[in-house]
Amino acid sequence: MILKTYARLWADDLSTTLPLLERLTGTRPDLHFAFDEIELAAIGDFLVIAGPAEERARYAHATATVIVSDLDQARAALDEAGAEITTEEATSATGRFLYARHPGGVEAEYVEWKPEVRRQVLGA
């Protein structure tokens, strides 16, 4: 069910953050898009979230972004385990997502990519 997991990195400015990550990962971003007032880039196993601190703070409650093959199945597993959905399902440029707090307090964003994004990043 889990296809990929991204560690979240927080930045004031994406353009000054990406060059070092490109050098360290040896790759260019797989994804680069805007959402609300922030800018995001997925590079290697990092999701860089950039923009004004007050805007980034809206998303800081999650410790990771988890890409899943089926968001409905992930939600069913989360519900069965007693997780609390903290942000109901919504859509972005890459697909459907929700935020959930697991029993014990861990909170993560779960994303089901659109087929074209999945092919672009994972080749599947």
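This section describes the sheet, the helix packing and the nonpolar cores of a predicted model.

Eight strands assemble into an open sheet of mixed pairing, with the order E2-E3-E4-E1-E5-E8-E7-E6. Its edges are formed by E2 and strand E6 (84-91), each of which pairs on one side only. Between neighbouring strands of the sheet, the average turn is 25° when direction is ignored. Within this arrangement, strand E1 (residues 2-11) is joined to E4 by five bridges in the parallel sense. Ala11 has Ala50, in E4, as its bridge partner.

Two helices are described with respect to the strands. Helix H3 (residues 71-80) lies across strand E5 (64-68), E6, E7 and E8, and runs at about 10° to E7. Helix H4, by contrast, lies across E1, E2 and E8, with an angle of about 100° to E8.

In soluble globular proteins, nonpolar side chains tend to be buried together. In the present model, the largest nonpolar core comprises 18 residues, of which Tyr6, Leu31, Phe35, Leu40 and Trp113 touch the most other members. Two or more residues of this core are contributed by each of strand E2 (31-35), strand E3 (38-43), strand E4 (46-50), strand E7 (95-101), strand E8 (107-113) and helix H4 (115-122). Another core, of 11 residues, lies apart from the largest one and includes Val68, Leu71, Leu78 and Leu98.

The surroundings of Phe35 illustrate the contacts made by a member of the largest core. When residues up to four places away in sequence are not counted, Phe35 touches Leu40, Tyr59, Thr91, Ser92 and Phe97.

Note on methods
Residues numbered from 1 in each chain as written. Predicted model: local features only at pLDDT ≥ 70, side-chain atom pairs only at ≥ 80, totals over all residues. Heavy atoms only, no water. Core = buried A, V, L, I, M, F, W, Y, C linked by side-chain atoms within 4.5 Å. Buried < 20%, exposed > 50% of the residue type's maximum accessible area, 1.4 Å probe, protein only. Helix = DSSP H or I, 4+ residues; strand = E, 2+ residues; numbered from the N terminus. Contact = heavy atoms within 4.5 Å. Pairing = 2+ DSSP bridges. Axes fitted to C-alpha atoms, helices over the stretch in contact; angles between N-to-C directions.
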